[in-house]
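Student: I should like a close look at a single helix and its packing in this structure. Please give the cut-offs behind each term as you use it.

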Amino acid sequence: MTSTEYQVTGMTCGHCELSIREEVGEIAGVEDIQVSAQTGRLVVTSTEEIDDAQILAAVADAGYSAVRSS
């Protein structure tokens, strides 16, 4: 398993978290998603290495922006 952390800007509530979880969850190989509007933190755990561009695009599709922080 591989975990990658991102810093997301623009989240303010649980609905924001849900939107990101839904979009990122559609990426093949994603096993777990931890997202917090309070900290702006997104941690994606996957069975294989996932290209950052896929994660960042999914976050953008949800209406937010992110950068890799780890």
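Tutor: The account below takes up helix α2, followed by a serine and the cysteines.

This is a predicted model, in which local features need pLDDT of at least 70 and side-chain atom pairs count only at pLDDT 80 or more, while totals for chains, interfaces and linings use all residues. Residues are numbered from 1 along each chain as its sequence is written, and side-chain values use heavy atoms, leaving out hydrogens and water.

Helix α2 spans residues 52-61; helices are DSSP runs of H or I with at least four residues, strands are runs of E with at least two, and both are numbered from the N terminus. Within α2, I55, A58 and V59 are buried, a term for under 20% relative accessible area, with exposed meaning over 50% and partly exposed in between (1.4 Å probe, protein chains only). These residues lie on the same side of α2 because they cover an arc of only 100 degrees around the axis, taken from the directions from the helix axis to the C-beta atoms. An α-helix has 3.6 residues a turn, so residues three or four places apart point the same way. The buried residues of α2 pack against β1 (2-9), α1 (14-25), β3 and β4 (65-68), where contact means heavy atoms within 4.5 Å. Just after α2, G63 has a positive phi of about 100 degrees.

Strand β3 (residues 41-46) includes S46, which is buried at 3% relative accessible area. S46 touches M1, T2, G29, V30 and E31, leaving aside residues up to four places away in sequence.

Zero disulfides are found in the whole structure, a disulfide being a pair of cysteine sulfur atoms within 2.5 Å. The sulfur of C16 is the nearest cysteine sulfur to C13, 3.6 Å away.
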